[in-house]
Every structure is written in structure tokens, then in C-alpha cells.
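Me: I would like to go through the labels attached to this model and ask what each one rests on. Please set the values against the cut-offs.

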Amino acid sequence: MVRSLFSQPPAEASHVRRPAVAGAFYPAEDTTLRHSVQTYMQQAQVPTLPPGRVRAVIAPHAGYIYSGPVAGYSYRALDIQPGTEHRVLLLGPAHYVPVEGVAMADYDAFETPLGQLPVERTLLATLAAQDRHFRWQRAAHVPEHSLEVQLPFLQVRCEGGCRLAPLLLGHAPPEPIAETLAFVVTTDPLMRLVISSDLSHFYHYEQARALDEALIEAIISGDINAVEQGEAC
């Protein structure tokens, strides 16, 4: 469990993670990208919820022509206080580089066509110091799209700015990692959690919807065995 938020990150890293999939998964031109993200969120019909109600969301990470409208619902629902800088735990699966445990982003910032988002390196250093499953591993982040496609949505949604804690998961035991992250989320009211994951893959609409609804119910009810039987990334 995390007990301190004051340990320091490695001093030698001073780099920006450049976009790997701009122009492929989402538009590379800044005005077009901003307009696309704004449109996805504006079209999402989300009921008004009490402030602070939704602090964690799951958002898909396919190309925007497939995932954008769904991601719009996630980010429209995410509680962001206007004019306030939030910290965001951004979790996703590692698709390209093998990862044991959780690969932390050894960067100072992540860049998209909309600009840069600073990395919350002090928090990452604390996770590494307190839990052996969290390790600095820049190589896993270089080609990865699962986190990158979430960044433009965060940049548009977080009017007051946000600081990222980007985490890629590989082969890792869920219980101790969940305990560590739960401590971070529950002790910081401005912390938000974004989980980048598609749910089912390559089914016809009705079958995909049934599978996804079953998985969502398992997540809400905390049925870990049922979740593990699903196809989420």
C-alpha cells in the first residue's frame, strides 16, 4: 500500500513522449482533432450527475472512427471541476512490448497535436518505491496506442489542465495493484482514473452488446471471476 507521496523520480530523465499514432488512430491536425473530440462529447447524451459522482471511467482505444462516439460518453460523464487541475491515473494494456507488472512512463510529458500533458513523476516514483510491481519502463510506452488515444479527450475535457500518471499493464496480479491504486484515488479528491480498454472484439452488434453488458454488470458487481471470463483488454 502507498504510504507516502513525496519520494522523488529518477533525476536523469527529461524527455517528452511524442505521438506514435497521430494521423492513424486519430487526426494529426490540431483543429480537426479538437473539433472531432468536442463533437463526440457534445453528441453523448449523459444524465446530469452530482459533482464527484463519476471519478473513474472505462474508454475504448480503437481508432476514433470506431471508438470516438463511445469515448465521448465516458469523458462527458467523467467529473471534472472547471478551472481545477486534476491528476489522472491513466491505465491501459501493453500491446507491443512485453511487460511484467506495471510499466510506468519515464517521461516528463506526453505530447499530442493539441500540445503536451505533464507527467506526475513524483506520484509514479512513489508507486515504484512502495510496490514492486510498478517499474520504470519507457520502451513499452514508445509505440503504444492504448494510452495515447485517450490524451486528446483529456486535453479537451480538463479545462483547468491535468497531470498524468501513465501506466501500462502486462502480466500482473490484480489484487495488490488494485490496492495500491485504490489508496491513491481515495486519498486525493482531485484524482481521476481512466481505464483504456475495448470490451468485446469483432462481433456483430447484438452479440457485442450482450457481451459488453454482461461484462459491465460483472464490473459493477465486483464479480472478478466473471470479469476474467470477458474479453476486455
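Reply: What follows takes the labels one at a time; the model is a predicted one.

Me: What makes the size of the protein chain agree with that of a compact globule?

Reply: For 233 residues the globule rule, 2.2 Å times the number of residues to the power 0.38, gives a radius of gyration near 17 Å, and the protein chain has 17 Å, so the two agree. Along the principal axes, the C-alpha atoms fill a box of roughly 50 × 45 × 40 Å. Buried residues make up 44% of the 233. Among contacts with a separation of 6 or more, 84% join residues 24 or more positions apart. The secondary structure consists of 8 helices and 9 strands.

Me: Why are H1 and H2 called oblique to each other?

Reply: Helix H1 (residues 30-43) and helix H2 (residues 64-77) pack at an angle of about 60°. Roughly parallel needs an angle under 35 degrees, roughly perpendicular 65 to 115, and roughly antiparallel over 145. The angle fits none of these ranges, and the pair is therefore oblique. Their axes are 7 Å apart, and the crossing is right-handed.

Me: Which residues of H1 and H2 meet?

Reply: From H1 come Leu-33, Val-37, Tyr-40, Met-41, Gln-42 and Gln-43; from H2 come Tyr-64, Ile-65, Gly-68, Pro-69, Gly-72, Tyr-73, Tyr-75 and Arg-76. Sorted by class, this contact has 9 nonpolar, 4 polar and 1 charged residues.

Me: Is Gly-63, in the loop before H2, buried or exposed, and why?

Reply: Gly-63 sits in the loop between strand E2 (56-59) and H2. Its relative accessible area is 13%, under the 20% limit, so Gly-63 is buried. Beyond its neighbours within four places in sequence, Gly-63 is in contact with Phe-25 and Gly-68. Gly-63 and Ala-24 are 39 residues apart along the chain, with 7.4 Å between their C-alpha atoms.

Me: Why does Ala-140 count as buried?

Reply: Ala-140 has 0% relative accessibility, and buried means under 20%, so the label applies. This residue is part of helix H4 (residues 138-141). Its contacts, leaving aside neighbours within four places in sequence, are Val-97, Val-99, Ala-103 and Leu-168. From Ala-140 to Leu-169, the C-alpha distance is 9.7 Å, across 29 residues of sequence.

Me: Glu-144 is in a loop; is it buried or exposed, and how do you know?

Reply: The loop in question lies between H4 and helix H5 (151-157). With a relative accessible area of 2%, under the 20% limit, Glu-144 is buried. Contacts of Glu-144 outside its neighbours within four places in sequence are Arg-17, Pro-93, Ala-94, His-95, Tyr-96 and Leu-168. The C-alpha atoms of Glu-144 and Thr-48 are separated by 34 Å, with their positions 96 residues apart along the chain.

Me: What covers the buried residues of H3?

Reply: In helix H3 (residues 121-130), the buried residues are Arg-121, Leu-123, Leu-124, Ala-125, Thr-126 and Leu-127. The cover includes strands E3 (86-93), E4 (102-104), E7 (134-136), E8 (162-169) and E9 (191-196), along with helix H6 (174-187).

Me: Why is Phe-202 called exposed?

Reply: Exposed means over 50% relative accessible area; Phe-202 has 86%, so it is exposed. Phe-202 belongs to the loop between E9 and helix H7 (205-221). Its phi is near 65°, a positive value in a residue other than glycine.

Notes:
Residues numbered from 1 in each chain as written. Predicted model: local features only at pLDDT ≥ 70, side-chain atom pairs only at ≥ 80, totals over all residues. Heavy atoms only, no water. Axes fitted to C-alpha atoms, helices over the stretch in contact; angles between N-to-C directions. Helix = DSSP H or I, 4+ residues; strand = E, 2+ residues; numbered from the N terminus. Left-handed = near helix turned anticlockwise from the far one by under 90°. Contact = heavy atoms within 4.5 Å. Nonpolar A, V, L, I, M, F, W, Y, C, P; charged D, E, K, R; others polar. Buried < 20%, exposed > 50% of the residue type's maximum accessible area, 1.4 Å probe, protein only.
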